[in-house]
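Student: I would like to take a close look at a single part of this structure rather than skim the whole. Could you choose one strand and walk me slowly through its surroundings?

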Amino acid sequence: MLGPVILAASRSDKMRRFISAAPGTKQVVDRFIAGETVDQVVPIVVDAAGKGLEVTLDVVGEDITTPAQAEAARDAYLELIERLKALDLGPRAEMSVKLSMFGQALENGHELALANVRPVVEAAAAIGTTVTLDAEDHTTLDSMFAIHEELRKDFPQTGCVIQSYLFRTEADARRLAAAGSRVRIVKGAYKEPASVAYQDKAEIDKAYVRITRILMEGEGYPMIGSHDPRLIAIAQELGRQAGRKLDEYEFQMLYGIRSDEHVRLAAEGHRMRVYTAYGTDWYGYFMRRLAEKPANLLFFGRSILTKG
């Protein structure tokens with residue numbers, strides 16, 4: 001049960017300093033983070049497109065404490081979109097955003113986050129792509145869904161994320177699985193209390209399957225966020241049962257994890273999108289990747305031991 005401990009550490013400044021200074025950290029961070037700058041991530045987008053893959057790009061950073069920082073996050077995405085415009089890759093390169101980066105937790109945070117994210121959504125639409133709103137901890141979701149609904153009035157292609165470990169998500173999935181919607185289903189990577197979330201992996205997986213069925217049988221566009229071979233196979237079967245063609249849903253996996261599987265699924269005719277994070281404020285994102293899978297933590301531990 002190391003996952004909850006690691007997630008708790010993701011909010012600790014002391015652990016942030018320790019992990020950042022550890023000799024083997026950079027080797028592991030480089031596995032999950034595509035770079036620190038736009039210049040470093042653009043070639044990765046081009047390479048992915050050459051392999052028949054699509055990407056969703058996340059400028060990492062969540063610990064926003066001032067409106068100026070929220071505006072800087074907005075501007076970082078606008079800079080990214082300007083660079084992608086020249087690539088003419090259209091929907092092969094969408095954006096994923098966390099509203100916490102846009103000031104959601106600040107005073108009048110709902111209105112601030114909406115005001116900051118709207119220009120990003122507008123700019124993405126102007127180059128033929130879109131934005132997906134990432135799900136964060138359960139206390140932020142009502143605001144996220146309200147912003148999602150507001151954005152979809154003008155930009156109906158705007159997507160959102162739901163998390164199978166939350167009790168509320170099956171109801172959210174039924175509401176969201178409407179014509180024109182884009183919904184990514186993931187297990188969830190935040191520390192949540194037993195009052196709102198399943199704590200047992202088997203229960204989370206069962207909920208994931210139930211929710212995937214809802215999305216596949218709905219009228220929207222499901223995005224299956226998983227590296228689990230069993231859940232991927234189940235999603236393929238649910239898609240077949242629902243009569244979906246291979247381009248009527250997609251798989252999404254993280255940059256640096258199961259890269260061979262990315263290519264294999266694309267070669268089979270599936271739409272395969274790689275969630276690609278970059279930026280300097282990598283700590284929170286990195287710690288959730290460690291918490292999600294014991295193998296990631298073992299890899300990190302070996303790197304520290306061999307580099308120390």
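Tutor: Before we begin, one term is needed: two strands are said to pair if DSSP finds at least two bridges between them. Please keep in mind throughout that this is a predicted model.

Let us take strand E6, which covers residues 221-225. In E7, the residue that serves as bridge partner of Gly 225 is Gln 252, and E6 and E7 are joined by 3 bridges and run parallel. To get from E6 to E7 the chain passes through H10, and this β-α-β crossover is right-handed. E6 also pairs with E5, again in the parallel sense, over 4 bridges, and here Tyr 221 of E6 stands opposite Arg 182. The chain travels from E5 through H9 to E6, in a β-α-β crossover that is right-handed.

Now consider how E6 is covered. In a regular strand the side chains alternate between the two faces of the sheet. In E6, Tyr 221, Met 223 and Gly 225 lie on one side, while Pro 222 and Ile 224 lie on the other, and all of them are buried. Buried here means a relative accessible area under 20%, and because 5 of the 5 residues of E6 are buried, the strand is largely enclosed by the rest of the structure.

Part of that surrounding structure is helix H9, which runs over residues 201-217. H9 has 17 residues and reaches 24 Å from its first C-alpha to its last, close to the 24 Å expected at 1.5 Å a residue. At the start of this helix, a side-chain oxygen of Asp 200 comes to within 3.2 Å of the backbone nitrogen of Ala 202. Several residues of H9 are buried, among them Ile 204, Tyr 208, Ile 211 and Leu 215, and the buried residues of the helix pack against E6, as well as against strand E4, helix H8, E5 and H10.

The neighbouring strands and loops also take part in salt bridges, of which a search of the whole structure finds 29. Beyond the end of E6, the side chains of Asp 228 and Lys 187 meet in a salt bridge, with 3.8 Å from N to O. Asp 228 sits in the loop between E6 and H10, and Lys 187 sits in the loop between E5 and H9, so that this pair links distant parts of the chain, 41 residues apart. Asp 228 counts as buried at 17% relative accessibility, whereas Lys 187, at 24%, counts as partly exposed.

On the E7 side, the side chains of Glu 250 and Arg 273 form a salt bridge of 2.7 Å, N to O. Glu 250 lies in strand E7 and Arg 273 in strand E8, so the pair ties together parts that are 23 residues apart in sequence. Both Glu 250 and Arg 273 are buried.

On the E5 side, Arg 184 and Glu 94 meet through their side chains in a salt bridge of 4.0 Å, N to O. Since Arg 184 lies in E5 and Glu 94 in strand E2, the pair ties together parts that are 90 residues apart in sequence. Glu 94 counts as buried at 1% relative accessibility, and Arg 184 is buried as well, at 4%. These two residues belong to one network, joined by salt bridges that share partners, which also includes Asp 58, Lys 98, Asp 134 and Arg 182. That brings us back to our strand, for Arg 182 is the residue that stands opposite Tyr 221 in E6.

Note on methods: Residues are numbered from 1 along each chain as its sequence is written. This is a predicted model: local features need pLDDT of at least 70, side-chain atom pairs count only at pLDDT 80 or more; totals for chains, interfaces and linings use all residues. Side-chain values use heavy atoms; hydrogens and water are left out. Helices (H or I, at least four residues) and strands (E, at least two) are DSSP runs, numbered from the N terminus. Buried means under 20% relative accessible area, exposed over 50%, partly exposed in between (1.4 Å probe, protein chains only). The expected span of a helix is 1.5 Å times one less than its number of residues. Contact means heavy atoms within 4.5 Å. A polar contact is a pair of N or O atoms within 3.5 Å; within protein, one must be able to donate a hydrogen and the other to accept it, and residues adjacent in sequence count only if both atoms are side-chain atoms. A crossover is right-handed if, with the strands pointing away from the viewer, the path from the first strand over the helix to the second runs clockwise.
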